[in-house]
Amino acid sequence: MPYRAPVRDLRFILQHVAGFAKVAATPRFAEATPELADAILAEAGRIATDVIAPLNRAGDLTPARLENGAVVSSPGFAEGYRALAEGGWVGIAARPEHGGMGLPISLALAVDDMLSGACLALQLKPLLSKGQIEALEHHASEAMKALYLPKLTSGEWSGTMNLTEPQAGSDVGALRTKAEPLGDGSHAISGQKIFITWGDSDLVANVCHMVLARLPGAPEGTKGISLFMVPKFIPDAEGRPGARNSLRVVSLEHKLGIHGSPTCVMQYEGAKGWLVGEANRGMAAMFTMMNNARLSVGMQGVGVAEAALQQALAHAMERHQGATPLSAEGPILEHADVRRMLAAMRAEVFAARSIALSCAVAIDMAKATDSADWQARAALLTPIAKAHGTDIGCEVAHLGMQVQGGMGYIEETGAAQFARDVRITAIYEGTNGIQAMDLVGRKMQDGGEAAFRLIDEVQRGAEAARARFPDLAGEVWQASEGLREATEALVAQPLNDRFAGAAPYLRAFARVLGGDAHLKAALADPDRLALARVMIRRILPEHAALLAQVREGAEGLYAVRPADLAG
């Protein structure tokens, strides 16, 4: 079954679960009326379904390749990217003064969802440009903004993010790339970066690299890192691509999935670069880009899960095998276990999508109101949205293969591609373990206050729902109370004990938020009650076992010796 963009589900969640109306009611986003939001979702859905989705298989079967030092993209990708650029989708949330639409992140994220489900490998290209646009808007000089932002926003140029080195993965402070001042305001950048998504491209006139490097005499660790703009072609006096810079693609990585997305090893050999923001403050600038990307990557997991679910459902409705309780030889959808898998997949996708869009609404409200509470909520939800969205993407893709049985394991059906493609999202932008540690560490520096405010809101919603759905509301309330008690215990633990239970804590938090989302959905539309029951009665109870792990701390883990692990 061809992919269909989930416009209806996105519209429903924005209206009835995530609270998008609050965003549209602010002066900053007053133009994001319901009519405009509907038009954006409908047109993005059309492009995702009709233009981008047909490219997904070609990208997998005919990967991007390196020829004579330049990347050659997969068949059809040039036309697909041109449709995105010319439609203004790269700059959907960028500021209007540089050619962007200036729309809320909430709508931009909904577009990310649809494009990711259509073709993750191609969606990655505008994703990185959008992150670079936001970093430049916040940290670049006015001259750099004027030069780069219009071209990036239009999609004429594209952006990358260069953090990782062979010896410096998550420990970014161990990087060795150097930046030597040249005396004219520029710097000579030398070093190697790995895992650079779309590090080169034949789809755009210029590729603009954001590179982390260390200035002479800079402090050790992350406190001595600076950020530089290093373009493939150095812009001339008119802002057009000029002389070729001293950088090259050494090789392309051979990956499990997303074959249409070239992942490059980049070599910088005295390449000209210009400082973005302040010296030795590069991580702050790069984190602006990374935070943007973390939420989008979480939604990538949701988007691919949606595509995998659609294919599995089509198979289950068409495949007839054996007698079922409903007919002598009906579709396998009538078998209880198949119905269980598909119901869980749909419930999980709805919950993860709701969490991500709720996070986007918090980001928009923080921008529109400058409220510290909204800022704290956005910060709290970001690691949850990223980690849970990508975990669910992996799990739903694998369930989709299971629904299809042996056919799911056959490459020709495309089911395995979803599982291969989505797997990287749990690693991108900080592994999900790092996201969980961020949640229980940095995001709990307030003693859990932002978490408690969110839990309070869930409980108020559950109380309000008791009159109509007393059993479901009671279970959501009780689960949220268990989360509150676990959070109180968590913030009293030493940091490493928190880290030991970080991943189960994050998943438990997501379970409670998912139950809350489904409860809101059932209140708004009784036709969604059956799925709410699946989430709240069958999936939400997992939270109790997860929270039991949170209380265990780290001691029991370190009691397991390396010899025990060896078997």
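## A tour from L136 outwards

Begin by selecting L136 and, leaving aside its neighbours within four places in sequence, display the residues in contact with it, which are M144, K145, Y148, L149, L152, M210, M229 and V276. Keep in mind throughout that this is a predicted model.

Now widen the selection to the largest nonpolar core, which has 167 residues and in which L136, Y505 and F509 are those with the most contacts inside it. Colour helix α10, residues 336–369, within that selection, since this helix gives the most to the core, with 17 residues. Apart from this core lies another, of 17 residues, and to find it you can pick V71, I189, V211 and F228, which are among its members.

Next, go to helix α5, residues 77–86, and show the side chains of its buried residues, where there are any to show: F77, G80, Y81, L84 and A85. Turn the view until you look down the axis of α5; its buried residues fall within an arc of 135°, so they line one face of the helix. This fits the general pattern that an α-helix has 3.6 residues a turn, so residues three or four places apart point the same way. To see what covers the buried residues of α5, add the surrounding elements, which include α3 (34–52), α4 (56–61), α6 (105–118), α7 (120–139), α8 (142–154) and β3. Before leaving, step just past the end of α5 to G88, which takes a positive phi of about 80°.

From β3 (157–162), follow the chain into the loop that leads to β4 (178–181), and select A174, which is found in that loop. A174 is partly exposed, because its relative accessible area of 27% falls between the limits of 20% for buried and 50% for exposed. Not counting residues up to four places away in sequence, A174 touches Q167 and A168. Add T222 as well, and draw a distance between the two C-alpha atoms: A174 and T222 are 48 residues apart along the chain, yet these atoms are separated by 7.9 Å.

For the last stop, select helix α15 (residues 470–491) together with helix α19 (residues 542–550), whose axes come within 10 Å and cross at roughly 10°. That angle makes α15 roughly parallel to α19. On the α15 side, the residues to show are A479, G482, L483, A486 and L490, while α19 makes the contact through H543, L547 and V550. Colour the contact of α15 with α19 by residue class, and you will find six nonpolar, two polar and no charged residues.

How values were computed. Residues numbered from 1 in each chain as written. Predicted model: local features only at pLDDT ≥ 70, side-chain atom pairs only at ≥ 80, totals over all residues. Heavy atoms only, no water. Axes fitted to C-alpha atoms, helices over the stretch in contact; angles between N-to-C directions. Helix = DSSP H or I, 4+ residues; strand = E, 2+ residues; numbered from the N terminus. Parallel < 35°, antiparallel > 145°, perpendicular 65-115°, else oblique. Contact = heavy atoms within 4.5 Å. Nonpolar A, V, L, I, M, F, W, Y, C, P; charged D, E, K, R; others polar. Core = buried A, V, L, I, M, F, W, Y, C linked by side-chain atoms within 4.5 Å. Buried < 20%, exposed > 50% of the residue type's maximum accessible area, 1.4 Å probe, protein only. Arc of directions from axis to C-beta.
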